[in-house]
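Trainee: Could you take me through a close look at a single part of this model? I would like to follow one residue and see how its surroundings fit together.

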Amino acid sequence: MATKQLLMKIIKKRFDDLTEAEIIAWRKLTSRHTPFNSPFYQYDFTLLVSRCDLIVDVILGLLNNEIVFILPVQYKNGFNYLIGYSEKIAAHLADYSGGIVDITQNLNITMLPIQYTILDHMPELSINPFSDQVSSYQELSSQIILETTWQKMASKIDNEFLNEIHLNQANLEKNFGSIQFKFQNENIENLECLLFAINEECIERKVISPFKDKWTVLLLRQLFLADKKEVKPIMSTLFAGNRWIASMFGIEANGVLHYWFYKSNPSAELYSPLNVLICQVIKASVKNNLACIDLGFGQKQFKEKLCSQFIPLYKMEFVNNSINARAIKLVNSFLWKLK
């Protein structure tokens, strides 16, 4: 173990300075049959983030000249970059974070060339190299593991719940018109309507909008309009007649579809439109040979009814021994207490 520690080389680079070989290694470590196949770990996702007026660094760990550890971080502005205050890629928009890891040895956090960052929603594989450090459990992320046919999927779903969905769909058609479903709605106006509806709800509930920072909306628009490579936007929409009923927006990579945001028309709430929509999404995902629908965290009725796998997520604070890092930690602790 000690010998391996000596062979480990840790470097930090600006994202734009990555070599072609380093990009290929990143793609390999986050490909379909790896534990880091989530859209949030993909090189192309970080590429989009880097185009949103944010400063992005990447920490690479090399063992015998082979990349075995990748940790991208972002800085909200030049001041944060100057003092070394970083955060996970896409900040609160990312439902998974942490190092992309292909090692079994321990890493000391102070070895990493970063001043201060808090990484949350880290799966166990990302915190294993830091097992000697303090981490705290956060919550479970919910996943629907897909079968090869809808019939097989339906056999695993509670019949009463499925019958309820079919009844609600029939009532939607009766009251609003025939159901129309788009698994991939490529009309950006529907994305803008979804963002507007979520913002309005946040204002009504007097909570902070997830889109309060300009870069967040820029990232979603960039994603929606970007070349469809390893990471693809998925905007699933349900209409009844000419009326919008519900939408779900997310991203897909390696057969893993991760939905970010859900919203339904208040006038249709009586008929649980999100349940009807997710049922249509599951059918379409099976048809498109996807492997998993990741619904993230937070409480929704359909998660309890449909999800077959739950991923524990953790939070960890990375602080080195510099004065800057300790000062940032002190200020953050003070601000947390004020909340």
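Mentor: What follows is a walk around one residue, Q143, and then on to some other parts of the chain. Please keep in mind that this is a predicted model.

Let's start with where Q143 sits. Q143 belongs to strand β7, which covers residues 135-145. Is Q143 buried or exposed? Its relative accessibility is 10%, and buried means under 20%, so Q143 counts as buried.

Now look at what surrounds this residue. Setting aside residues up to four places away in sequence, Q143 touches Y96, C292, I293, D294, C307, S308, Q309 and I311. With D294 there is also a polar contact: the two side chains are joined at 2.8 Å. Another name to pick out is Q309, the bridge partner of Q143 in β13.

That bridge takes us from a residue to a pair of strands. Strand β13 spans residues 309-319, and β7 pairs with it in the antiparallel sense over eight bridges. In general, strands of a sheet pair through backbone hydrogen bonds, and the pairing can be parallel or antiparallel.

Step back once more and you can find both strands in an open sheet of eight strands. Reading across, the order is β6-β13-β7-β12-β11-β10-β9-β8, and the pairing is mixed. Which strands lie at the edges? They are β6 (116-122) and β8 (179-182), each of which pairs on one side only. From one strand to the next, the twist averages 25°.

Let's go back to Y96, one of the residues that Q143 touches. Y96 is also in contact with Y41, a residue in the loop between α2 (20-29) and α3 (43-50). Y41 has a relative accessibility of 4%, so Y41 counts as buried too. Beyond its neighbours within four places in sequence, the contacts of Y41 include W26, F36, G98 and P123. S97 is another contact of Y41, and the backbone oxygen of S97 lies 2.8 Å from a polar atom of the Y41 side chain. You can also compare positions along the chain: Y41 and I89 are 48 residues apart, with their C-alpha atoms separated by 9.0 Å.

Finally, here is a pair of helices to find. The axes of α7 (residues 159-176) and α10 (residues 273-287) come within 9 Å and cross at roughly 110°. That makes α7 roughly perpendicular to α10. Among the residues making the contact are F161, I165 and L172 of α7, together with V276 and C279 of α10. By type, the residues of this contact divide into six nonpolar, four polar and one charged.

Note on methods. Residues numbered from 1 in each chain as written. Predicted model: local features only at pLDDT ≥ 70, side-chain atom pairs only at ≥ 80, totals over all residues. Heavy atoms only, no water. Axes fitted to C-alpha atoms, helices over the stretch in contact; angles between N-to-C directions. Helix = DSSP H or I, 4+ residues; strand = E, 2+ residues; numbered from the N terminus. Parallel < 35°, antiparallel > 145°, perpendicular 65-115°, else oblique. Contact = heavy atoms within 4.5 Å. Nonpolar A, V, L, I, M, F, W, Y, C, P; charged D, E, K, R; others polar. Buried < 20%, exposed > 50% of the residue type's maximum accessible area, 1.4 Å probe, protein only. Polar contact = N/O pair within 3.5 Å; in protein donor to acceptor, adjacent residues only side chain to side chain. Pairing = 2+ DSSP bridges.
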